[in-house]
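Please open the model in your viewer and keep the selection panel at hand. The tour begins at one helix and then widens to the whole chain.

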Amino acid sequence: MKTILYLTRNGLMEPLGRSQILPYLIELSKNYKIIVVSSEKKEDLQNPLSKRKVKNLCNKNKIIWSYSKFNTGGFSIPYQLTHSLIQGFYFSLKFDVNIIHCRSYLSNFIGLLLKLLTFKPVVFDMRGLWPEEIALKLPNGKKSLIYKSLKFLERLNITQSNAIVSLTDAAKFYLINSYGLKRSIIYTIPTCVDTFRFKYSPIPKTEIKTFSCIGTILSDWFLLKWLESFFQCIEEFDTNAKFEIITRDCKEKLLSQLNITNKLARKISISSATPDEIPNILTSHSASSMFFKSGISKLGSSPTRFGEILSIGRPIICNSGVGDLKHLVKEHNVGVIVENNDHHSMIKAVEELYELISDPSTSSRCRNLANTYYSLYSGSKEYSNIYSKLLKH
């Protein structure tokens, strides 16, 4: 059995790790020996139940797991990268690692150093266009030294890795054009969903419809004004509708930033949920919403919740300019794309969304797209194909 060393700065215990890292690794562990080196957040490490659950999953699937504590201090990144390098080199020697699989830019830099030491091929799992995302938060944007340094790191990672994985076709073609890449070394694998956990459930046939928004909202990349407009137009169209926001954001801070009437605010439920609770919560919703800033920085975005919502069988309302969402939504008729945030565009989109909700075939179309494009099985199979190609060289 061939051995894969998986390097990630995300923790296996955090929600993203539970939904987007562990499921892949468990599936891949059926055919490969998997070694994971991760960085775990303090609050997750302080949860013994969560830690035991992840450790038991790793042990059950014979996955070796090593981690450092994720800190945000001045020396945290060098420490975590050094830990990954030392642990990665140790495991490479002890288990004769065949492929180094790196999740994101900094992990891939360590992977390239290990490649110099071990001569093993590297898979750069880039997870979005990081320099472009960071540039949005910098005072000087793309003129800053940080951005230029990250673009240098991007070029290094892309030109020196043996295979590259993009979350979207939009980012894939952007990179091919930007770096003159051969199409044979870059692949598209979206953020996938465990369709066994997110079980299919038809849209509830109730007079009172519930519309949701799930994930971080108080951030630089979420379009809060669009969410306000969506909620207001739904209330205008259907006075019986309810709303549910599932987020880790502070409830009081979020409500204070939502410019809505008290009447509408009383119809909105805001709470957090564990990864295990999300599938069941989604079954009570009629449709879900997501509105993100667009542009080059979002070409590589494949929202995690998109596949999960589709898997349950719910349509989605979102804006264009985010990864492959517009193409997928329109081609498969699994939601509504809003091009502008004016009242006319949003109320028209709401009308279209209600038509989808009333269409008995909508749920099955959503589930079919999740099965064919977003399923954990198809994603893991594509990773296996990449590994097979690299092992033949």
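Select residues 169-179, which form helix H9 in this predicted model, and show the side chains of Ala 171, Lys 172, Leu 175, Ile 176 and Tyr 179, each of which is buried, with under 20% relative accessible area. Now turn the view until you look down the axis of H9: the buried residues fall within an arc of 140°, so they line one face of the helix.

What do the buried residues of H9 pack against? Add helix H8 (145-160), strand S6 (163-166) and strand S7 (186-188) to the selection, since these are the elements that the buried residues of H9 meet. Then step to Gly 180, which follows H9 and whose phi is positive, near 65°.

Next, select the whole protein and colour it by secondary structure, where 18 helices and 13 strands can be traced. With the C-alpha atoms alone on display and the view aligned to the principal axes, the protein fills a box of roughly 65 × 50 × 40 Å. The radius of gyration is 21 Å, which agrees with the value near 21 Å that a compact globule of 393 residues would have.

Colouring by burial shows that buried residues make up 55% of the 393 residues. If you draw contacts between residues at least 6 apart in sequence, 74% of them join residues at least 24 apart.

Finally, switch on the accessible surface, which comes to about 18,000 Å², with 55% of it belonging to carbon and sulfur atoms, and mark the 52 positive and 33 negative charges, whose mean positions are 9 Å apart.

Note on methods. Residues numbered from 1 in each chain as written. Predicted model: local features only at pLDDT ≥ 70, side-chain atom pairs only at ≥ 80, totals over all residues. Heavy atoms only, no water. Buried < 20%, exposed > 50% of the residue type's maximum accessible area, 1.4 Å probe, protein only. Helix = DSSP H or I, 4+ residues; strand = E, 2+ residues; numbered from the N terminus. Arc of directions from axis to C-beta. Contact = heavy atoms within 4.5 Å. Rg over C-alpha atoms; globule rule 2.2 N^0.38 Å. Areas by Shrake-Rupley, 256 points an atom, 1.4 Å probe, with all protein chains shown as cover. Lys, Arg positive; Asp, Glu negative; His and termini not counted. Charge placed at Lys NZ, Arg CZ, Asp CG, Glu CD.
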